[in-house]
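Visitor: I have a structure open and would like to learn how to read it. Could you walk me through it, one feature at a time?

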Amino acid sequence: MSQQGHPQADTEKLNATMSAIGKKILVLSGKGGVGKSTVAVNLATELSKRGHKVGLLDVDLHGPSVPRMTGLEGQRIGGDGDNFYPLEVSANLKVMSIAFMLENTSQAVIWRGPMKYSVIQQLLANTVWGELDYLVIDAPPGTGDEPLGTAQLVGVNAGAVIVTTPQQVSIGDVRRCITFCNQVMLPIWGVIENMSSVICPHCGQSFDIFKSDGGKKLADELNLPLLGSLPIDPGIVIGADAGLSICESQACPPVKQEMEKIVDNLMAKIHKK
Ligand code: ADP
């Protein structure tokens, strides 16, 4: 992977790659650990299961968790020259992550801003997806240079999904995400509340750990559509560690239904049905 890059050639290649993609869905969060990668993986998997051609791009350079969550951890990609060939989870789902290229993902931790920007640009431009209906991008957390670069590089037909936890303290993070999206003129397709409640693994009952309806109130306050609320379910994390999506995992049926509802709501928003 070139560290300097050739700006002109990269721009042309980037435009060619991006223009073969129907819609680009950037999954953003104000901070790490709220379930952004979980949502990105599950949106991509669910869309692919519905028959769409989907790419899942992990540009969370510091914490690439997509390979583990898709069962591809430890695998390497093939490439020729400047082309990167994504790995296939199924006929409809291809995955690309910086982790497929590095000997050791702790390498990325020492990269400075311009280097990270260059890596993100190359991942976006040089991945050979072919025609895609959707590219789901697991963006770096926060509102700094890396998500900014990603949002600027994806071009048209793109929008954001913001993942948050329901506590009131999260509202500031979500506000910063909204300001960020407005500044880069990225439409916000909705908010997903994660860890909204907890499902007891013994009795299957759901308990609110924060205030009830936190996600709805948050979305109302921010004037954004709430696409859905995912509870904490041990089945999600056990499944993710084994490379299984929510629908393939041991998560409770209502959690699986909620994930499907989230995708229905997102599709309605993107395609304005
Ligand atoms: P982020 O991308 O925001 O850093 P992750 O998606 O990597 O967060 O999630 C962090 C951890 O929490 C992972 O181990 C993931 O499996 C787990 N997790 C995320 N959402 C849930 C949930 N609703 N229930 C149980 N575990 C979850």
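Guide: Gladly. Let us begin with how elements are named: helices and strands are DSSP runs, numbered from the N terminus. Please keep in mind that this is a predicted model. With those names, Asn 223 can be placed in the loop between helix H7 (214–222) and S11.

Visitor: What does phi look like at Asn 223?

Guide: The general idea comes before the case. Most residues other than glycine have a negative phi. Asn 223 has a phi near 60°, which is positive although the residue is not glycine. Met 195 is another non-glycine residue with a positive phi, near 60°, and Met 195 belongs to strand S9.

Visitor: Is Asn 223 buried or exposed, and what about Met 195?

Guide: Exposed means over 50% relative accessible area, and buried means under 20%. Asn 223 is exposed because its relative accessibility is 71%. Met 195, at 27%, falls in between and therefore counts as partly exposed.

Visitor: Let us turn to the ligand. Where does the ligand sit?

Guide: The ligand occupies the largest pocket. Two or more residues of its shell come from each of these elements: H2, strand S9 (188–199), strand S11 (226–232) and helix H8 (234–241).

Visitor: How many residues surround the ligand, and which are the closest?

Guide: There are 17 around the ligand, and the closest are Gly 33, Lys 36, Ser 37, Thr 38 and Pro 231. For polar contacts, look for pairs of N or O atoms within 3.5 Å. A backbone N or O atom of Gly 33 is 2.7 Å from a ligand oxygen, and Lys 36 also has a backbone N or O atom 2.9 Å from an oxygen of the ligand. Thr 38 uses its side chain: an N or O atom there lies 2.6 Å from a ligand oxygen. On its own the ligand has 560 Å² of accessible area, of which the protein covers 83%.

Visitor: Which residues does Thr 45 contact beyond its neighbours within four places in sequence?

Guide: Contact means heavy atoms within 4.5 Å. Thr 45, found in helix H2 (residues 36–49), is in contact with Leu 93 and Ser 245 once those neighbours are set aside. Its side chain also reaches the backbone oxygen of Val 41 at 2.7 Å. Thr 45 is buried because its relative accessible area is 9%.

Visitor: And what does Glu 46 touch, leaving out residues up to four places away in sequence?

Guide: Glu 46, which lies in helix H2, touches Cys 247, Glu 260 and Val 263. Its relative accessibility is 9%, so Glu 46 counts as buried.

Key: Residues are numbered from 1 along each chain as its sequence is written. This is a predicted model: local features need pLDDT of at least 70, side-chain atom pairs count only at pLDDT 80 or more; totals for chains, interfaces and linings use all residues. Side-chain values use heavy atoms; hydrogens and water are left out. Helices (H or I, at least four residues) and strands (E, at least two) are DSSP runs, numbered from the N terminus. Buried means under 20% relative accessible area, exposed over 50%, partly exposed in between (1.4 Å probe, protein chains only). A polar contact is a pair of N or O atoms within 3.5 Å; within protein, one must be able to donate a hydrogen and the other to accept it, and residues adjacent in sequence count only if both atoms are side-chain atoms. A residue is near a molecule or strand if one of its heavy atoms lies within 4 Å of it. Accessible areas come from the Shrake-Rupley method with a 1.4 Å probe; for residues, only the protein chains shown count as cover. On a 1 Å grid over the protein atoms alone, a cavity is a set of points where a 1.4 Å probe fits but cannot get out, and a pocket is an open set with protein on both sides within 12 Å along at least five of seven lines; lining residues have an atom within 4 Å of a point. A molecule sits in a cavity or pocket if more than half of its atoms lie within 2 Å of its grid points.
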